[in-house]
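Colleague: I should like to learn how to read the features of a protein model one at a time. May we go through one together?

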Amino acid sequence: MGFWKNLQAMLAHPDIVSELETARFELRQARQALEQSEQEHGSLWLTLEEQKDYTKFLSGKAEALQEALTEFCPKLSTPEELKRFYDTISPGLDASGFTLYRMAQELTGIDVPSCFSYEDNRGLFEVMDGHQLLDWLTAVRFQAVEWDMIPNSTYESATLLGVDTFTPEYQAFEQQLYGKVLARMGFENLLGPEQETGAIESKVTELKLYSPLTADIYMEPAPDSQEHADGTELMVNLYGEDLTEYKKIILNAIKDEMLPEMKERGLMFAFSGSESLSEKVLSLFPSVEEVDGVLCGVAVCQVTGTLTPAELEELKEFCSSQYADGWGEGYAQCPRHTADGELYVNFWQDNSFSILTKKELETARAASRPPHQPKRGGDAR
């Protein structure tokens, strides 16, 4: 009996009674919260099921609309049709245009910020949407950019020029771009056969890189000449304007020095740089060409697609290395017999060497002419 009396006394203690009441109250609250959670769970489950049914309905509707479009709409094949269809659906599917821009990046390998350092450092591209960035990308792709030096700096600012959208090259680019974007968005069934198979290939174009040409000719002294009476040869330095009469001899010498492994790709057989450049430059053959009465060295390249500025610079560096230490070094050591003596031709020079595209060459030559001197004929093609 003592135990039960002690237990009753403990339970009758005010602190114990208060704690028990608090525990009972908290238990009731927990039960109420649990009941409310169960009700909310049930409501959410019903909402989820409704959303699943609605999503299924929308998916079926989209498939039905896709089938209807495929059945009743003609295949999209021209650039105008592809672009018009994209413009119709883009407000809902690609309002900012980044799907279009990223596809253009994939096709060309051009990264806009890296091509325009001055504008990128100013944060210009950070506020642009995909449509605006595409304008800059196409300007690079189709060489519609004018550059101006920033005073007291090493930067050049860019001004975009109008791109000729009626050229076959641009039309092919636009057709491929919009076709691939629509396919990525799920509209491949609406594309014409040439879009479905991806048959549009990048156009192969010819790119020429020009560089100065020099030579040394060793002449035997005339029998009645007092100079070099000891019989030693007379060496004369020749420059581009002096070499035009030897053009055929130099071209034949280049042909004679062609290695078997150069048959398909020319000097590109020795290229070990970036994979993208190796894929774009199908071949590179050294040659010479007369420009405004001056014989120049020229690297004739067959290029698919368009080189980015970085790739063009890499190609120029490769040519320079081949002229200095590779093919050009061996060629310079092989004399060619002429009526005037033994001719040694140098594609590389230690001083004032440059390698320029046709456009860069024309700009440089125009800048070097006196202000009122008319431009002479000749075309660096």
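Modeller: Certainly. Please bear in mind that this model is predicted. Let us begin with a single side chain: Trp147 has a relative accessibility of 37%, so it counts as partly exposed.

Colleague: With which residue does Trp147 form a stacked aromatic pair?

Modeller: The partner is Phe116; the two ring centres are 5.5 Å apart and the planes meet at 20°. Planes under 30 degrees apart count as stacked, which means that an angle is needed as well as a distance. Phe116 lies in the loop between helix H5 (112-115) and helix H6 (117-121), whereas Trp147 belongs to strand E1 (residues 145-149). The pair thus links distant parts of the chain, 31 residues apart.

Colleague: Is Phe116 buried or exposed?

Modeller: Phe116 is buried, with a relative accessible area of 0%. Phe116 and Trp147 also belong to a cluster, linked by ring pairs, that includes Phe125 and Trp136.

Colleague: How many aromatic pairs does the whole structure contain?

Modeller: The search finds 16. Another of them joins Trp327 and Phe347, with 5.1 Å between centres and 75° between planes, and this pair is edge-to-face. Trp327 is in helix H13, and Phe347 is in the loop between E9 and strand E10 (356-357), 20 residues further along the chain. Trp327 has a relative accessible area of 10% and Phe347 one of 1%, so both count as buried.

Colleague: Which residues are in contact with Phe347, apart from its neighbours within four places in sequence?

Modeller: Among them are Ser211, Pro212, Leu213, Ile254, Val288, Tyr323, Trp327 and Phe353. Phe347 also matters for the next topic, the nonpolar core. The largest such core has 36 residues, and Phe347 is one of those that touch the most other members, together with Ile250, Leu284, Leu315 and Leu343.

Colleague: Which elements give two or more residues to this core?

Modeller: The strands are E3 (204-211), E4 (214-219), E6 (281-291), E7 (294-304) and E9 (341-346). The helices are H10 (247-256), H12 (309-324) and H13 (327-332). H12 supplies the largest share, five residues. There is also a second, separate core of 33 residues, including Leu100, Ile110, Cys115 and Trp136.

Colleague: How should I read a residue within a strand, such as Ser283 in E6?

Modeller: One asks how much of the residue is accessible and what it touches. Ser283 is buried, since its relative accessible area is 7%. Leaving out residues up to four places away in sequence, Ser283 touches Glu264, Arg265, Met268, Val300, Cys301 and Gln302.

Colleague: What should I look for in a helix such as H8 (residues 168-184)?

Modeller: One may compare its span with the expected one. H8 has 17 residues and reaches 24 Å from its first C-alpha to its last, close to the 24 Å expected at 1.5 Å a residue. The buried residues of H8 include Tyr170, Phe173, Glu174, Leu177, Tyr178, Val181 and Leu182. After H8 comes Gly186, whose phi is positive, near 100°.

Colleague: Which residues other than glycine have a positive phi, and why is that worth noting?

Modeller: Most residues other than glycine have a negative phi, so a positive value deserves a second look. Gln143 has a phi near 55°, and its place is in the loop between helix H7 (130-141) and E1. Asp292 has a phi of about 50° and lies in the loop between E6 and E7. Their surroundings may be compared: Gln143 is exposed because its relative accessibility is 61%, whereas Asp292 is buried because its value is 9%.

Colleague: Where does the charged end of Arg141 sit?

Modeller: The charged end of Arg141 sits over the ring of Phe142, 4.4 Å from the ring centre.

Colleague: Finally, how does one describe the chain as a whole?

Modeller: One turns to totals. The chain has 14 helices and 10 strands, and 34% of its 381 residues count as buried. Its accessible surface comes to about 23600 Å², of which 53% belongs to carbon and sulfur atoms. Among contacts with a separation of 6 or more, 66% are between residues 24 or more positions apart.

Definitions and conventions
Residues are numbered from 1 along each chain as its sequence is written. This is a predicted model: local features need pLDDT of at least 70, side-chain atom pairs count only at pLDDT 80 or more; totals for chains, interfaces and linings use all residues. Side-chain values use heavy atoms; hydrogens and water are left out. A nonpolar core is a set of buried Ala, Val, Leu, Ile, Met, Phe, Trp, Tyr and Cys residues joined through side-chain atoms within 4.5 Å. Buried means under 20% relative accessible area, exposed over 50%, partly exposed in between (1.4 Å probe, protein chains only). Helices (H or I, at least four residues) and strands (E, at least two) are DSSP runs, numbered from the N terminus. Contact means heavy atoms within 4.5 Å. The expected span of a helix is 1.5 Å times one less than its number of residues. Rings of Phe, Tyr and Trp (its six-membered ring) pair if their centres lie within 6.5 Å; planes under 30 degrees apart count as stacked, over 60 as edge-to-face and the rest as tilted. A charge sits over a ring if NZ of Lys or CZ of Arg is within 6 Å of the ring centre and within 35 degrees of the ring normal. Accessible areas come from the Shrake-Rupley method with a 1.4 Å probe; for residues, only the protein chains shown count as cover.
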